[in-house]
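Please study the sequence and the structure shown below. The exercises that follow concern the packing of helices and the arrangement of strands.

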Amino acid sequence: MRTTRGRNHHPATEERERIRQQLIADPRSVATIVAAVREQVPAHAALADSRLHEVRAIAAWAPDRLLHLRVTDGALTPADLRRFRGTAAARAADGRPMPAVLRAYRVAATVLTEEIAAATPPLGAPDAFALTRMALTTFDTLAEEMATAYTATSEDLAGDRDRALRLLLDDLITGRHASIGAVTDRAARLGVQLPDHYCLLVAEPTEVAGPAVTQEAALGLLAALNGPGGAGTVPATVRGSRLVLLLPAAAGGRAPEVLHERGPRGCIAH
């Protein structure tokens with residue numbers, strides 16, 4: 001009696017699955033992708049160590065999804081696209097240029113295809129063609145989705161300048177920036193010039209049960225230190241129960257007097 005094999009039992013599919021499992025199980029695959037991205041994309045080479053965890057997570061997830069699509073002859077799902085759009089929105093918020101983001105994905109895809117091509121036995125011509133077509137089609141789709149999300153987020157931030165300034169300072173504090181050039185460009189889009197010589201003022205209420213720390217309080221303290229016209233040109237943010245202000249070094253000299261007048265205690269970090 002003649003039997004038929006399902007699609008998932010096709011020899012080519014089984015071989016693709018074997019290669020997928022082999023690459024996913026090898027920790028060198030992710031390390032190789034991250035190293036290539038940092039070497040070939042300057043904006044990623046300058047990332048703070050705190051940001052590399054996220055890069056590694058993406059370098060593990062995205063190739064796994066592409067390898068799965070190769071096994072199943074599938075396409076990116078709505079959940080995949082939502083994740084890529086979320087990544088693009090985050091990159092817009094932290095000021096990383098979109099060309100650098102897409103360049104990183106291209107580098108990762110190239111490394112992945114080279115890893116697949118190096119598998120034993122070598123790919124036949126039809127499978128190599130299918131791999132190339134899948135990689136190009138997938139990248140074209142994610143690039144379009146990410147570019148749209150990046151642009152939308154950038155426009156939203158530009159329309160909410162106060163929020164954009166808060167995000168800028170938050171990202172500077174946590175190391176979420178790609179390079180000095182990217183930070184400078186991001187500040188320029190917001191109409192601010194970060195001081196060459198600066199200090200961070202961190203302030204908090206002297207009483208635990210005192211008034212809540214708000215962004216308005218941060219801006220009020222900023223205006224007192226920098227003058228009424230300077231409150232919109234210097235980043236200020238709230239982190240937990242503390243106000244954090246990025247000030248020109250000269251303005252930091254007025255901090256003790258202003259803090260004494262307004263009540264909170266604080267310290268200056270140069």
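**Exercise 1: a pair of helices**

The crossing of H6 and H7 is right-handed, that is, the near helix is turned clockwise from the far one by less than a right angle. The model is predicted, and local features need pLDDT of at least 70, side-chain atom pairs pLDDT 80 or more, while totals for chains, interfaces and linings use all residues. Residues are numbered from 1 along each chain as its sequence is written, and side-chain values use heavy atoms, without hydrogens and water.

Task: Determine how the axes of H6 and H7 cross.

Solution.
Step 1. Helix H6 (residues 98–117) and helix H7 (residues 125–159) have axes that come within 11 Å and cross at roughly 160°. Helices (H or I, at least four residues) and strands (E, at least two) are DSSP runs, numbered from the N terminus. Axes are lines fitted to C-alpha atoms, for helices over the stretch in contact, with angles from 0 to 180 degrees between N-to-C directions.
Step 2. H6 is therefore roughly antiparallel to H7, a term for angles over 145 degrees.

**Exercise 2: a sheet**

Task: State the order of the strands in the open sheet and identify which strands stand at the edges.

Solution.
Step 1. The four strands follow the order E2-E3-E1-E4, with antiparallel pairing; two strands pair if DSSP finds at least two bridges between them.
Step 2. E2 (236–239) and E4 (265–269) each have a single partner strand, so they stand at the edges.
Step 3. From one strand to the next, the twist averages 25°.
Step 4. Six bridges join E1 (residues 198–204) to E3 (residues 242–248); Cys199 has Leu247 in E3 as its bridge partner.

Conventions. Angles under 35 degrees count as roughly parallel, over 145 as roughly antiparallel, 65 to 115 as roughly perpendicular and the rest as oblique.
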